[in-house]
Amino acid sequence: MNSHPLPPLKFSTLHQTLIRAFKLVWGMAPGWTGINLVLVVVLGILPIAALYLTKLIVDTVTVGLTVPEPESVLPQVIIYIIVAAVIALSITIARSLSELTSEAQSTIVTDGVSDILHAQSIAVDLEYYEDTSYYDTLHRAQQEAPYRPTRIVNSLVQMGQNVISLLGVAVLILSFSWVIGFVLFAAAIPAAMVRYYFARARYRFEQDHTENERQAWYYHWVLTDSSHAKEVRLFNLGTIFRDRFRDLRDDLRKGRLNLARYRTLSDSISQVIVVIALFSTFALIAYSTLKGEITVGDLVMYFLAFQLGIGFIQAILSSLAGLYEDNLFLTNFYQFLDLRPQIRSPDNPVPVPDPIHKKIEFREIWFSYKGGVKDVLAGVNLTLNPGEVIALVGENGSGKTTLIKLLCRLYDPNAGSITVNGIDLRSFDPVAWRKEISVVFQDYVHYHLSAGENIWVGDVEQAPEPSRIIAAAHRSGADPIINRLPEGYQTNLGHWFAGGQELSEGEWQKIALARAFFRNSSIIVLDEPTSSLDPLAEAELFRNFRNLLEGRSAVLISHRFSTVQMADRIYVIDGGRMIEQGSHQELLRLNGKYARLFRTQAEHYQRNQ
Ligand code: ADP
């Protein structure tokens with residue numbers, strides 16, 4: 001749990017809050033916002049006009065009662081009533097229109113905010129995805145993004161209307177007595193303070209419990225997502241995870257309910273003050289009417305005006321508290337948007353050298369993950385010549401995948417340099433550089449798209465030309481699998497969408513390989529590419545591998561020595577250090593770690609024959 005200091009609501013900075021919220025809404029939906037602004041003014045003024053007409057009607061009727069022919073005032077009264085009816089109708093229509101515009105505005109802003117969130121989610125460094133506080137920021141921004149913009153729109157609309165109405169009512173009330181105006185205003189303040197206090201408390205609660213909320217969400221996901229369904233049943237995890245979910249939610253619910261309880265109590269107390277002030281002023285106007293200082297129409301008008309006025313004041317003050325809460329959300333949102341990726345293009349990026357002939361060198365590379373204690377790579381040197389195939393061998397956790405991530409510039413090394421034909425990787429635009437590399441990671445993605453699209457996403461800059469997609473599938477051995485599917489390359493894979501077909505892991509792996517072959521890159525990196533392939537499929541792939549590469553260079557990571565043997569050079573990595581390098585035969589002659597690992601595997605196979 002992390003408690004952050006909350007910014008206080010300062011009236012000096014309030015206009016910034018309002019401007020910021022308004023700019024967000026205006027920027028995304030200028031047309032609807034314009035219409036809404038007009039409606040705000042109309043809806044702000046009309047209730048005051050209605051109030052004044054009520055006074056005119058009552059006064060005219062009262063005068064009528066004192067004249068010899070009361071019916072003589074009827075035409076006048078009827079005109080007022082018609083005007084009042086027109087105003088009432090206009091208010092209803094304007095309200096409906098305002099609902100429509102607010103809804104349109106809100107959906108546009110909500111989708112716009114999601115779009116900004118998505119853009120930023122892919123722009124930030126991979127590193128942020130491994131950082132808990134990033135997840136908290138993202139989670140808060142995501143959690144609130146669907147409803148918060150709607151609230152901001154509504155708060156602004158309400159506030160605008162209430163301010164305009166209050167100005168009208170204030171003219172009426174102050175014309176009667178400025179002391180009463182002041183008393184009514186003062187009486188509304190405690191209620192507003194209560195809202196403000198609880199808005200802060202609620203926000204702090206949510207901020208402190210983001211991680212618990214995410215944990216609960218995680219258990220919910222494990223319990224309901226298909227990818228966990230097998231293990232959850234097999235290990236009988238259902239009850240344990242349900243209990244954990246329930247406990248977390250119980251705590252969250254109790255905390256929120258507790259706050260709500262205190263808020264209701266404090267709210268009720270503050271309302272007592274409002275009621276006392278309001279009814280004391282009623283007594284005052286009744287007294288003034290009896291003394292003949294004001295007319296009966298005035299009595300009715302002031303009576304309604306006080307009631308409306310205090311309502312407007314309360315609504316404005318609580319909109320301010322609401323806007324304060326919205327501002328805290330916006331702060332979160334902008335905090336997330338303000339995250340600047342470290343890995344980005346230099347101002348004048350150097351063009352990536354000629355497509356095929358690249359020599360890549362890692363020189364004295366040191367690297368550790370953010371927050372990690374150990375050096376994952378410690379002084380690594382490695383060379384990949386154009387058209388060469390190299391292999392990385394080492395135990396789990398020795399740093400092989402990390403090396404690939406550095407090559408793709410998903411991270412930058414802490415020390416040392418990676419160069420391409422002598423030019424530092426950091427001189428290129430990372431997006432341009434990544435186009436040069438095709439990677440199949442161990443945890444490649446199963447896209448719930450059609451089989452054809454699953455291959456095409458390997459290089460979306462190319463047109464989804466079927467002949468090229470099929471050629472890539474041929475090279476990886478995926479073509480026969482796809483042809484067996486009901487709709488061939490059009491068949492949806494996975495089970496998220498209609499007609500989706502699930503594949504075996506080995507079949508998915510061949511699709512992922514096809515994706516890598518489809519990409520027009522100069523280097524292919526395969527991290528455990530055949531771990532799920534059967535031995536025949538693997539042998540088939542590597543028999544042909546040099547042809548498949550068509551002159552490109554490749555980096556292979558594999559625990560299977562049958563695969564590794566065909567590399568021009570093998571690097572043995574151990575605890576982040578390169579300890580051996582050479583061809584298969586050279587390394588066997590060296591009789592070091594590689595030879596030991598090779599013999600262990602060979603003996604294992606022989607023993608099990
Ligand atoms: P290999 O591919 O050789 O199995 P990796 O390069 O994936 O090994 O991992 C090397 C070490 O770095 C491991 O000890 C692992 O715990 C650590 N590591 C890997 N990825 C991360 C990460 N995203 N954040 C922190 N540590 C990581």
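Is Arg409 buried or exposed? Select Arg409 and find out: at 3% relative accessibility, Arg409 counts as buried. Here buried means under 20% relative accessible area, exposed over 50%, and partly exposed in between, with a 1.4 Å probe and protein chains only.

Before going on, note the ground rules. This is a predicted model, with residues numbered from 1 along each chain as its sequence is written; local features need pLDDT of at least 70, side-chain atom pairs count only at pLDDT 80 or more, and totals for chains, interfaces and linings use all residues. Side-chain values use heavy atoms, and hydrogens and water are left out.

**Stop 1: the whole protein**

Zoom out. The protein has 21 helices and ten strands. Helices (H or I, at least four residues) and strands (E, at least two) are DSSP runs, numbered from the N terminus. The C-alpha atoms fill a box of roughly 125 × 55 × 50 Å along the principal axes. The radius of gyration is 36 Å, whereas a compact globule of 609 residues would have one near 25 Å. That radius is taken over C-alpha atoms, and the globule rule is 2.2 Å times the number of residues to the power 0.38. Of the 609 residues, 46% count as buried. Among contacts with a separation of 6 or more, 74% join residues 24 or more positions apart. Contact means heavy atoms within 4.5 Å.

**Stop 2: around Arg409**

Return to Arg409, in the loop between H11 and E4. Show its contacts, not counting residues up to four places away in sequence: Ile343, Arg344, Leu425, Arg426, Phe428, Pro430, Trp433 and Arg434. Now select Arg344. Its C-alpha atom is separated from that of Arg409 by 9.7 Å, with the two positions 65 residues apart along the chain.

**Stop 3: the four-stranded sheet**

Select E1, E2, E4 and E5. These four strands form an open sheet in the order E2-E1-E4-E5, with antiparallel pairing. E2 and strand E5 (423-424) stand at the edges with a single partner strand each, so one side of each has no neighbour in the sheet. Two strands pair if DSSP finds at least two bridges between them. E1 and E4 pair in the antiparallel sense over five bridges. To locate one bridge, select Glu361 and its partner in E4, Thr419. Then add H11, which lies across E1, E2 and E4 and runs at about 115° to E1. Axes are lines fitted to C-alpha atoms, for helices over the stretch in contact, and angles run from 0 to 180 degrees between N-to-C directions.

**Stop 4: aromatic rings**

A search of the whole structure finds 17 aromatic pairs. Rings of Phe, Tyr and Trp (its six-membered ring) pair if their centres lie within 6.5 Å; planes under 30 degrees apart count as stacked, over 60 as edge-to-face and the rest as tilted. Select Tyr369 and Tyr411: their ring centres are 5.3 Å apart and their planes at 90°, so the pair is edge-to-face. This pair links distant parts of the chain, 42 residues apart. Tyr369 is in the loop between strand E1 (360-367) and strand E2 (377-384), and Tyr411 in the loop between helix H11 (400-407) and strand E4 (415-420). Tyr411 counts as buried, at 2% relative accessibility.

Next, select Trp217, Tyr218, Tyr219, Trp221 and Phe241, which form one aromatic cluster.

**Stop 5: the six-stranded sheet**

Which order do the strands of the open sheet of six follow? The order is E6-E7-E8-E3-E9-E10, and the pairing is mixed. Strand E6 (437-440) and strand E10 (577-582) stand at the edges, each with a single partner strand, so one side of each is left without a neighbour in the sheet. The twist averages 15° from one strand to the next.

Centre on strand E3 (residues 389-393), where five of five residues are buried. Val389, Ala391 and Val393 point one way, and Ile390 and Leu392 the other. E3 runs parallel to strand E8 (residues 553-557), joined by four bridges; Ala391 partners Leu556 there. Four bridges also join E3 to strand E9 (residues 569-574), again parallel. In E9, pick Val572, the bridge partner of Val393.

**Last stop: helix H9**

Select Asp267 in helix H9 (residues 238-290). Asp267 counts as buried, at 18% relative accessibility. Its contacts are Val194 and Arg195, not counting residues up to four places away in sequence.
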